[in-house]
Amino acid sequence: MELKKELGKRALAIGRTVAENPTVKKYLGRPEGFKEIEPVAERIRRATNVDYIVVLDMNRIRYSSPLPERVGSKFSGGDEGPAFADNEYISEAKGIRGIAVRAFVPVKNESFTEQIGVVVVGILLPTWWELLKSVREGIYLATLLGLFIGAIGAGFLAVKIKKEILGLEPEEIASLVEQRDALLNTINEGIVAIDRMGNITLVNPAAQVILNLRQEEVLGKNIGEVAPESRLPEVMATGQPVYNREIFVGGKQLISSRLPLKVKGKVIGAVAVFREKSEVQKLAEELTGVKKFVEALRVQNHENLNRLHSIAGLIQLGRVDEALDLIFRLTDTQQALTTFLTKKIKDPALAGLILGKAARASELKVEFLVNRRSFVEGYPAKLDSTKVIEITGNILENALEAAVSGKIKKVYLKIQANKRRFFLLVLDTGPGIKVEKNKIFEPGYSTKGENRGYGLYIVKRHLEDVYGKIRIRSTSKGTVFLIKVGGEKND
């Protein structure tokens, strides 16, 4: 469209030039006038490189034409009518040589009082092939320049991509993906990952089984729609990992660790690794039971050796009655505690823990007292045997270590638990806590050497999970730990 406008303006300007030519004005309409007008029109046509210039008199007789045989014949283009009514315009017509843009310009006499003819200037519209030929050099140059720039850009892009994929080749990337898929398929823990928009990007087979999901149904969906209890968006928002916390997803109780995914310091998503709590609890109970059993055997072996030495010494001294009395006394004390724990503490793992701590106290020469009003019939919601063992074991171990340093070496235990409430009281006669009480709950803080200081941190974390409370009273004569979970405010 723009090309037609430009050609039309050009043809109109040339037509005006021809119409104002003195020779054209002088000889137009005269007999044999074409002999003077034809050379002028042809000279202008060649100079301006237009396709034809036709000069007509008022009878529409040609006085010039690109085809000499048509000079003197009558013009019948079909769109020339308005030009003979003193109108100047541009039109488009299809002829033998193709479509042309034509300009019609009236010719006036020398005094501009009368129209004496019309000038028609035609420029053929180029075909697509002609247009391409006219700009082929530019196309070749642009193509070569484009190829050169493209090659440079491709080189830089290849270097950048290579850097982004850590210098790996395509087959190496494919191998890593296959290894990743194989690894995810063999892991027993469920794994769910999300991107920065909260959409699920990964669900491994274990997660599908645990949460009863189908990968093709959840991939790409927002985690809030699939598992709103996952709390993955919170981890992504804070950028802080959360380890081994209990959550309920899809009606199942899980132990989950949630970690933010970071690339170059920016959080791009989050991942949750989880297992059913029942499996974790079963494993924990097995490990705890074995550990406590081994510890109890070690302590009892040491104690029995000491007792046997004492009994052997008394017999060698001929004090048989005293040896028998010692045997009966030791047997009665151990049997009484075992019988009490078996009858009142319905959690075998906890009973074994207390029995092991009693043996440990005997080894340390610390008097270990268990309140006979203690009982365990069950635990409040969310508080299970594993947590109770960890809480009780850590508190008792700290109490025993503190009591060793006291003038009077005693540890007192009272524990009461049922479905409604949990109560634990541990008292020691140690030198008391010398630092601010909140500091002892910080992970890694200890005055007993490296790789210590996590026991009370674990206790606090478990109590936070079950909304429990812990109170500490400490003086230079001893320390009291009081823990409550559930129950009434006045319990």
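**View 1. The lining of the largest cavity, sorted by residue class.** In this predicted model, the lining of the largest cavity consists of 14 nonpolar and two polar residues, with no charged residues among them. The space inside the largest cavity comes to about 110 Å³; of the 16 residues that line it, those closest to its centre are V192, L211, A227, S230 and F274. Several elements contribute to this wall, since at least two lining residues come from each of β6 (200-203), α9 (223-226), β7, β8 (252-263) and β9 (266-276). Counting cavities of 30 Å³ or more, the structure holds three.

**View 2. Strand β13 and its surroundings.** Strand β13 covers residues 421-428, and seven of its eight residues are buried, so the strand is largely enclosed by the rest of the structure. Strand β12, formed by residues 410-417, pairs with β13 in the antiparallel sense, and seven bridges connect the two. One of the bridge pairs joins Q416 to F423, the latter lying in β13. The link between β12 and β13 is a hairpin, which passes through three residues.

**View 3. The pairing of β13 with β15.** Strand β13 also runs antiparallel to β15, to which it is joined by eight bridges. Within this pairing, L424 has I483 of β15 as its bridge partner. Strand β13 therefore pairs with β12 through seven bridges and with β15 through eight, while seven of its own eight residues are buried.

**View 4. Helix α15 and the elements that cover it.** Helix α15 comprises residues 455-465, and its buried residues are G455, L456, V459, R461, H462, L463 and D465. The elements that cover these buried residues include β7 (242-249), α14 (385-403), β14 (469-475) and β15 (478-486). Two of these names return from the earlier views: β7 supplies at least two residues to the lining of the largest cavity, and β15 is joined to β13 by eight bridges. After α15 comes Y467, a residue with a positive phi near 55°.

**View 5. The whole protein chain, as a setting for the close-ups.** The protein chain contains 15 helices and 15 strands, and of its 491 residues, 38% are buried. Among contacts with a separation of 6 or more in the protein chain, 55% are between residues 24 or more positions apart. The surface exposed by the protein chain amounts to about 29,600 Å², of which carbon and sulfur atoms supply 57%.

Terms used. Residues are numbered from 1 along each chain as its sequence is written. This is a predicted model: local features need pLDDT of at least 70, side-chain atom pairs count only at pLDDT 80 or more; totals for chains, interfaces and linings use all residues. Side-chain values use heavy atoms; hydrogens and water are left out. Helices (H or I, at least four residues) and strands (E, at least two) are DSSP runs, numbered from the N terminus. Buried means under 20% relative accessible area, exposed over 50%, partly exposed in between (1.4 Å probe, protein chains only). Contact means heavy atoms within 4.5 Å. Accessible areas come from the Shrake-Rupley method with a 1.4 Å probe; for residues, only the protein chains shown count as cover. Two strands pair if DSSP finds at least two bridges between them. On a 1 Å grid over the protein atoms alone, a cavity is a set of points where a 1.4 Å probe fits but cannot get out, and a pocket is an open set with protein on both sides within 12 Å along at least five of seven lines; lining residues have an atom within 4 Å of a point. Grid points are joined across faces, edges and corners, and a volume is the space filled by probe spheres set on the points. Ala, Val, Leu, Ile, Met, Phe, Trp, Tyr, Cys and Pro count as nonpolar, Asp, Glu, Lys and Arg as charged, and the others, Gly among them, as polar.
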